[in-house]
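Visitor: I have the sequence and the model open, and I'd like to go through them with you. Could you take me through the fold, the interface and the charged pairs?

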Amino acid sequence: MVPEEQGALTEAVFYILLSLHEPLHGYGIMQKVQELTNGRVVLGPGTLYGAINTLVEKGWIRPLVDGSDSRRKEYLITERGETVFLQELARLEELVRHGKSVTRSEEQ
Amino acid sequence: MTKSVVKFISNFEKEEQWLNQMAAKGWHCIDYVFGRYLFEKGEPGEYIYRIQLLKNPINHLESTAYLNFLRETGVEVVASYSRWVYLRKKAADGPFDLFSDKESRIAHYKNIIYMFLPFAIMNLAFSLKIFTGQTVPGLIHVAAVVILSIPIARCYKRIRRLKKERLISE
């Protein structure tokens, strides 16, 4: 299988994929991301709604359908989403490694 | 205590600003019907107001789903007018912006342009009446084109700026 061409993820998409390693609804994602980043990243509900729909379309996350009639839809990362997430993590690690190597050499 | 204010603001960002200024003074908008805003007296700065143009008519399934999603996040739908919705959230809940990246802000401005554009084009076509001797009706359509061009140009400028900034950050 030819791997899908994969650019850098947006911060919103990265944090949505990260949050959805456990089932969460939209507001849960917003709260978790805000908590993790100490309030630095506050996802706008309009932006989040669009991103969730796109990620569901791409099959990177999926809605959990449960028997209860809860109106709040919960989502979870899929295997495909996990692959993308790990790829992105490797890319970010490379960025951090390169960034640190420069700052370290400047300190000396 | 309530009061109503009649006002026409064509720039939705100015309108939003004004609603937030009113809210800062303790006057919270609780309804809007064609140019008439209804305010209720409350705690100064209790709410943050936002205005959005929906992609679909307000009763469309997609709009209902979106507005329900907003409600889940603590957003209140105060009023709606055509596809415009007036939203508010308690300021105590923290900052309230509908969009948190340039991509979705661009999409919102585009949506606004797409709403005005057909009317502008239609009026532009009708303004050709000038050349058939119907000067007055033609000029009315010319005036309509000018008026409709203002929000279109404003949104276009915002989009261009955002696209430029997007080259270096999201």
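**Walking through the model**

Guide: Let us begin with chain A, where 35% of the 108 residues count as buried. Please keep in mind throughout that this is a predicted model.

Visitor: OK, and how many helices and strands does chain A have?

Guide: Chain A has four helices and three strands, and along the sequence they follow the pattern α-β-α-α-β-β-α. Among the contacts in chain A with a separation of 6 or more, 53% are between residues 24 or more positions apart.

Visitor: What about Val102(A), where does that lie?

Guide: Val102(A) is in helix α4 of chain A, and with a relative accessible area of 44% it is partly exposed. Taking C-alpha to C-alpha, Val102(A) and Leu76(A) are 38 Å apart in space, with their positions 26 residues apart in sequence.

Visitor: Switching to the interface: how many residues of each chain are in contact?

Guide: On the chain A side 20 residues are in contact with 18 residues of chain B. The two chains bury about 1,500 Å² between them, and 55% of that is on carbon and sulfur atoms.

Visitor: Which three residues of chain A supply more of its buried area than any other three?

Guide: Those are Pro45(A), Thr47(A) and Tyr49(A), which together supply 39% of the area that chain A buries against chain B. Looking at elements, α1 (11-19), α2 (26-36) and α3 (45-58) of chain A each give two or more residues to the side that touches chain B, and the largest share, seven residues, comes from α3(A). By class, that side of chain A has 10 nonpolar, six polar and four charged residues.

Visitor: And how many salt bridges or polar contacts are there between the chains?

Guide: The count of salt bridges between chain A and chain B is zero, whereas seven residue pairs are in polar contact, counting pairs with both residues at pLDDT 80 or more.

Visitor: Let's go inside. Which residues touch the most other members of the largest nonpolar core?

Guide: That core has 37 residues, and the ones that touch the most other members are Ile16(A), Leu17(A), Leu20(A), Ile29(A), Leu43(A), Leu48(A) and Leu87(B). The elements giving two or more residues to this core come from both chains, namely α1, α2, α3, β3 (74-77) and α4 (79-107) of chain A, along with α2 (61-72) and β6 (84-90) of chain B. The element that gives the most is α1(A), with six residues.

Visitor: Pick Ile29(A). What is it in contact with, beyond its sequence neighbours?

Guide: Setting aside neighbours within four places in sequence, Ile29(A) is in contact with Ile16(A), Ser19(A), Leu20(A), Leu24(A), Leu43(A), Leu48(A) and Ile52(A). There is also a second, separate core of 30 residues, which includes Tyr37(B), Val78(B), Phe116(B) and Cys155(B).

Visitor: Now the charges. How many salt bridges are there over all chains?

Guide: The count is nine over all chains. One of them pairs Arg40(A) with Glu11(A), the closest N and O atoms being 2.8 Å apart, and the pair links the loop between α2 and α3 of chain A, where Arg40(A) sits, to helix α1 of chain A, where Glu11(A) sits, 29 residues apart.

Visitor: Are those two ends buried or exposed?

Guide: Arg40(A) counts as exposed because its relative accessibility is 56%, over the 50% cut-off, while Glu11(A) is partly exposed at 32%.

Visitor: Which pairs should I look at in chain B?

Guide: One is Glu46(B) with Lys90(B), a salt bridge at 3.3 Å, N to O. Glu46(B) lies in the loop between β3 (36-41) and β4 (47-53) and Lys90(B) in strand β6 of chain B, so the pair ties together parts 44 residues apart in sequence. Another is Arg88(B) with Glu76(B), where the closest N and O atoms are 3.1 Å apart.

Visitor: Why is Arg88(B) counted as buried?

Guide: Arg88(B) counts as buried because its relative accessibility is 7%, under the 20% cut-off, whereas its partner Glu76(B) is partly exposed at 36%. The side chain of Arg88(B) also has a polar contact of 3.0 Å with that of Tyr49(B).

Visitor: Which residues form a network of salt bridges?

Guide: Glu16(B), Arg50(B) and Asp97(B) are linked in that way.

Methods. Residues are numbered from 1 along each chain as its sequence is written. Chains are lettered from A and ligands numbered from 1 in the order in which they are written. This is a predicted model: local features need pLDDT of at least 70, side-chain atom pairs count only at pLDDT 80 or more; totals for chains, interfaces and linings use all residues. Side-chain values use heavy atoms; hydrogens and water are left out. Contact means heavy atoms within 4.5 Å. Buried area is the accessible area (1.4 Å probe) that two parts lose on being put together, summed over both. A salt bridge is a side-chain nitrogen of Lys or Arg within 4 Å of a carboxyl oxygen of Asp or Glu. A polar contact is a pair of N or O atoms within 3.5 Å; within protein, one must be able to donate a hydrogen and the other to accept it, and residues adjacent in sequence count only if both atoms are side-chain atoms. Ala, Val, Leu, Ile, Met, Phe, Trp, Tyr, Cys and Pro count as nonpolar, Asp, Glu, Lys and Arg as charged, and the others, Gly among them, as polar. A nonpolar core is a set of buried Ala, Val, Leu, Ile, Met, Phe, Trp, Tyr and Cys residues joined through side-chain atoms within 4.5 Å. Buried means under 20% relative accessible area, exposed over 50%, partly exposed in between (1.4 Å probe, protein chains only).
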